[in-house]
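Let's take a stroll through a protein model and look at how its parts fit together. Have the structure open and follow along.

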Amino acid sequence: MRDFLAVYCKGFSMGAADVVPGVSGGTIALIVGIYDRLIRAITAVDPRAFRPALRPHDPEARARLRTELERMEIPFLLSLGLGVGTAIVLLSSLMHEAATTYPVATYGFFFGLIAASAVVLYGEIDRWTAGRVAISVGAIALAFVVSGTTAGNVPHGLPIILVAGAVAICAMILPGVSGAFFLLILGQYEYMTGTLSGFIDALLDLLDGGALAPVLETGTVVVVFGVGAVVGLFTMAHAVGYALEHYRAATLAALVSLMVGALRLPAERVLSNLGETSLGTPGIAVAMAFVGAGAVLLVDWYTDDLEY
């Protein structure tokens, strides 16, 4: 139980980071000392190892299944995932409220987080070649265009939610790259935090005698996002991991440049909401941007001597 609680708390800290664009759950995993174990556990999962579960009446099959679960560190992944999920559920409502009620301060903070993260990660690229520069320019242009599109009305169909879940989970396990940031690029951040918050409220209302329809409506979106996250974790995450292992500099250049190009979105959110509230002033936006940047630089200083 003590080990379970320790891993759960570490997962909670990762989930808390994942809710905020510009802050990486992978970095938190690095800080708390479980990053290598997490990657090994994810890559060790093999669906074929669950075959003994089809014969629960067979003692040998049950013993073999238990051995396979321990080998793949499923208990570790479950306790970590429970911690991550708890933090996301508890904090998504807070982040949604902040983004919708105080957009200038919140998106100013996001701008600082993302900008500082980009500066730190660019420093990880030891040598710039013509190819890497070309990749960076292309990624910046792509993110600039996409974030400009998602700044308006973006559809929230289930196929898009599925893809968003797969993309976000890949970023969540990479040190320095934020899953919530990619939700922001795809125009799904406010929608997903609001939907998750609505799902929790609907569940509480149902326990108090409320209607079932809101639970099904919001729950469907949450489940589809979760399915996309699971699919992405065991497919796309492997591809991203392979790219980082064999083409680290080029992959990092592309990922970081996406962050730079997408700064258009929080900047436009700030500009379009100036004067809407007492906190909607340019000074507040600039101050919160410095706070966000300072937080990232502090984490980078703390983890400077750690290896990914």
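Which side chain of opposite charge is nearest to Asp18, and how many Å away is it? Keep in mind that this is a predicted model. The nearest one is Lys10, 16 Å away, and buried Asp18 has no salt bridge. Asp18 sits in helix α1 (residues 2–18). Its side chain does have a polar contact, though: it reaches the backbone nitrogen of Gly25 at 3.0 Å.

**Charged pairs**

Side chains of opposite charge can pair when their charged atoms come close. The count for this model comes to six salt bridges. Here are some of them.

| Pair | N to O distance |
|---|---|
| Glu73 and Arg37 | 2.6 Å |
| Asp58 and Arg55 | 3.9 Å |
| Arg269 and Glu190 | 3.0 Å |

Arg269 belongs to helix α14 (residues 264–272) and Glu190 to helix α10, so this salt bridge links distant parts of the chain, 79 residues apart. Arg269 has 18% relative accessibility, so it counts as buried, while Glu190, at 25%, counts as partly exposed.

Now for Glu73 and Arg37, which meet in a salt bridge. Glu73 lies in the loop between α4 (59–71) and α5 (74–101), and Arg37 is in helix α3 (residues 35–44), so the pair ties together parts that are 36 residues apart in sequence. Arg37 counts as partly exposed because its relative accessibility is 33%.

**A look along helix α10**

Helix α10 (residues 189–207) has 19 residues, and at 1.5 Å a residue they should span 27 Å. Its end C-alpha atoms are 28 Å apart, which agrees. Among the buried residues of α10 are Tyr189, Met192, Leu196 and Phe199. Just after the helix, Gly209 takes a positive phi of about 95 degrees.

Thr193 is found in α10 too. With a relative accessible area of 8%, Thr193 falls under the 20% cut-off, so it is buried. Its side chain reaches the backbone oxygen of Glu190 at 3.1 Å. Leaving aside neighbours within four places in sequence, Thr193 is in contact with Ser92 and His96.

**The nonpolar cores**

Which residues touch the most other members of the largest nonpolar core? They are Tyr107, Phe110, Phe181, Phe182, Tyr189 and Phe225, out of 47 residues in that core. Helix α6 (residues 103–122) gives the largest share, nine residues. Apart from this core lies another, of 23 residues, including Val7, Ile28, Phe76 and Ala229.

Definitions and conventions: Residues numbered from 1 in each chain as written. Predicted model: local features only at pLDDT ≥ 70, side-chain atom pairs only at ≥ 80, totals over all residues. Heavy atoms only, no water. Core = buried A, V, L, I, M, F, W, Y, C linked by side-chain atoms within 4.5 Å. Buried < 20%, exposed > 50% of the residue type's maximum accessible area, 1.4 Å probe, protein only. Helix = DSSP H or I, 4+ residues; strand = E, 2+ residues; numbered from the N terminus. Lys, Arg positive; Asp, Glu negative; His and termini not counted. Salt bridge = Lys/Arg side-chain N within 4 Å of Asp/Glu carboxyl O. Polar contact = N/O pair within 3.5 Å; in protein donor to acceptor, adjacent residues only side chain to side chain. Expected span 1.5 Å × (residues − 1). Contact = heavy atoms within 4.5 Å.
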